[in-house]
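Reader: I have the sequence and the model open. Please take me through its contacts, one question at a time.

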Amino acid sequence: MGRSQETFGKKDNEKKRAKKKTEKEERKAERQANAKAGQPLEEMFAYVDEDGNISATPPDPKKKRIIKDEDIQIGVARRTDDDDDDPVRNGIVSFFNDSKGYGFIKDQQTQESIFVHANGLASGPIGENDKVTFEVEMGPKGPNAVRVKKASATPPPAAPAAPAV
């Protein structure tokens with residue numbers, strides 16, 4: 001007969017696997033023995049007291065507080081009428097790279113810096129320190145300025161009408 005094909009390492013690994021299996025079965029048997037089968041329903045309940053802590057005893061009904069549905073706020077507060085409804089904003093171009101076609105506009109109202117791309121320009125090119133009007137739309141990476149136009153300078157004073165001859 002030839003020698004067995006199993007090496008020392010293979011035999012050792014097999015012994016480890018068998019040992020793990022028996023330990024696992026022992027742990028399972030121990031859990032089953034210590035399990036509290038058939039607990040009454042009341043013992044499985046957990047209560048929250050008036051301070052928000054979890055306890056095993058039910059809360060005192062005398063300390064119960066009534067909360068109106070209107071007082072509960074979930075998420076964002078309701079929008080008020082004085083919110084800005086005008087989508088057109090004013091700002092100054094703080095940076096613009098003509099070769100790459102992007103830049104940033106500093107909003108004069110909120111003082112936040114808003115990204116602008118050359119595709120969002122409604123009129124001709126813009127440069128740094130230009131006063132512009134724009135609208136804000138949410139892009140995949142945050143707010144983007146769109147429909148960007150150079151702000152028109154104050155209109156020149158009207159020339160006096162020429163006398164009729």
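Author: Contact here means heavy atoms within 4.5 Å. Keep in mind that this is a predicted model.

Reader: Leaving aside neighbours within four places in sequence, which residues is L121 in contact with?

Author: L121 belongs to the largest nonpolar core, a set of eleven residues. Neighbours within four places in sequence are set aside. That leaves these contacts for L121: F96, V116, I126 and V148.

Reader: Which strands each supply at least two residues of that core?

Author: The core is made up of V93, F96, I105, I114, V116, L121, I126, V132, F134, A145 and V148. Strands that each supply at least two of these are β3 (89-97), β5 (113-117), β6 (131-139) and β7 (142-150). As a general matter, nonpolar side chains in soluble globular proteins tend to be buried together. The strands asked for are β3, β5, β6 and β7.

Reader: Where in the chain is confidence lowest, and where is it highest?

Author: The mean pLDDT of the chain is 82. Of its residues, 79% reach 70 or more. Confidence is lowest in helix α2 (residues 41-44), at a mean of 75, and highest in strand β4 (residues 102-107), at 93.

Reader: Are the rings of Y102 and F115 stacked or edge-to-face?

Author: The count of aromatic pairs is five. In this pair the ring centres are 6.0 Å apart and the planes of Y102 and F115 stand at 20°. Planes under 30 degrees apart count as stacked, over 60 as edge-to-face. The rings of Y102 and F115 are therefore stacked.

Reader: Which distant parts of the chain does the pair of Y102 and F115 link?

Author: Y102 is partly exposed, with a relative accessible area of 27%. F115 is partly exposed, also with a value of 27%. The two residues are 13 apart in sequence. Y102 lies in strand β4, and F115 in strand β5.

Reader: Which residues form one aromatic cluster?

Author: Y102 and F115 both belong to it. The cluster consists of F95, Y102, F104 and F115.

Reader: What separates R17 and E14 in helix α1?

Author: The side chains of R17 and E14 meet in a salt bridge at 2.7 Å, N to O. R17 is exposed, with a relative accessible area of 51%. E14 counts as partly exposed at 48%. They are three residues apart in helix α1 (residues 8-34), which means a separation of about one helical turn.

Reader: Which residues are linked with E112 in a network of salt bridges?

Author: E112 is found in the loop between β4 and β5, and is partly exposed at 34% relative accessible area. Its side chain meets that of R89 in a salt bridge (3.6 Å, N to O). That pair links distant parts of the chain, with R89 in strand β3, 23 residues apart from E112. The residues linked with E112 in the network are R89 and D107.

Reader: Which residues does E112 touch, not counting those up to four places away in sequence?

Author: The C-alpha atoms of E112 and G91 are separated by 9.6 Å. G91 is not in the list of touching residues. E112 touches R89, I105, K106 and D107.

Reader: Which strands hold R147 and E135?

Author: Six salt bridges are counted. One of them joins the side chains of R147 and E135 at 3.0 Å, N to O. The pair ties together parts that are twelve residues apart in sequence, because R147 lies in strand β7 and E135 in strand β6.

Conventions: Residues are numbered from 1 along each chain as its sequence is written. This is a predicted model: local features need pLDDT of at least 70, side-chain atom pairs count only at pLDDT 80 or more; totals for chains, interfaces and linings use all residues. Side-chain values use heavy atoms; hydrogens and water are left out. A nonpolar core is a set of buried Ala, Val, Leu, Ile, Met, Phe, Trp, Tyr and Cys residues joined through side-chain atoms within 4.5 Å. Buried means under 20% relative accessible area, exposed over 50%, partly exposed in between (1.4 Å probe, protein chains only). Helices (H or I, at least four residues) and strands (E, at least two) are DSSP runs, numbered from the N terminus. pLDDT is the predictor's confidence in each residue, from 0 to 100. Rings of Phe, Tyr and Trp (its six-membered ring) pair if their centres lie within 6.5 Å; planes under 30 degrees apart count as stacked, over 60 as edge-to-face and the rest as tilted. A salt bridge is a side-chain nitrogen of Lys or Arg within 4 Å of a carboxyl oxygen of Asp or Glu.
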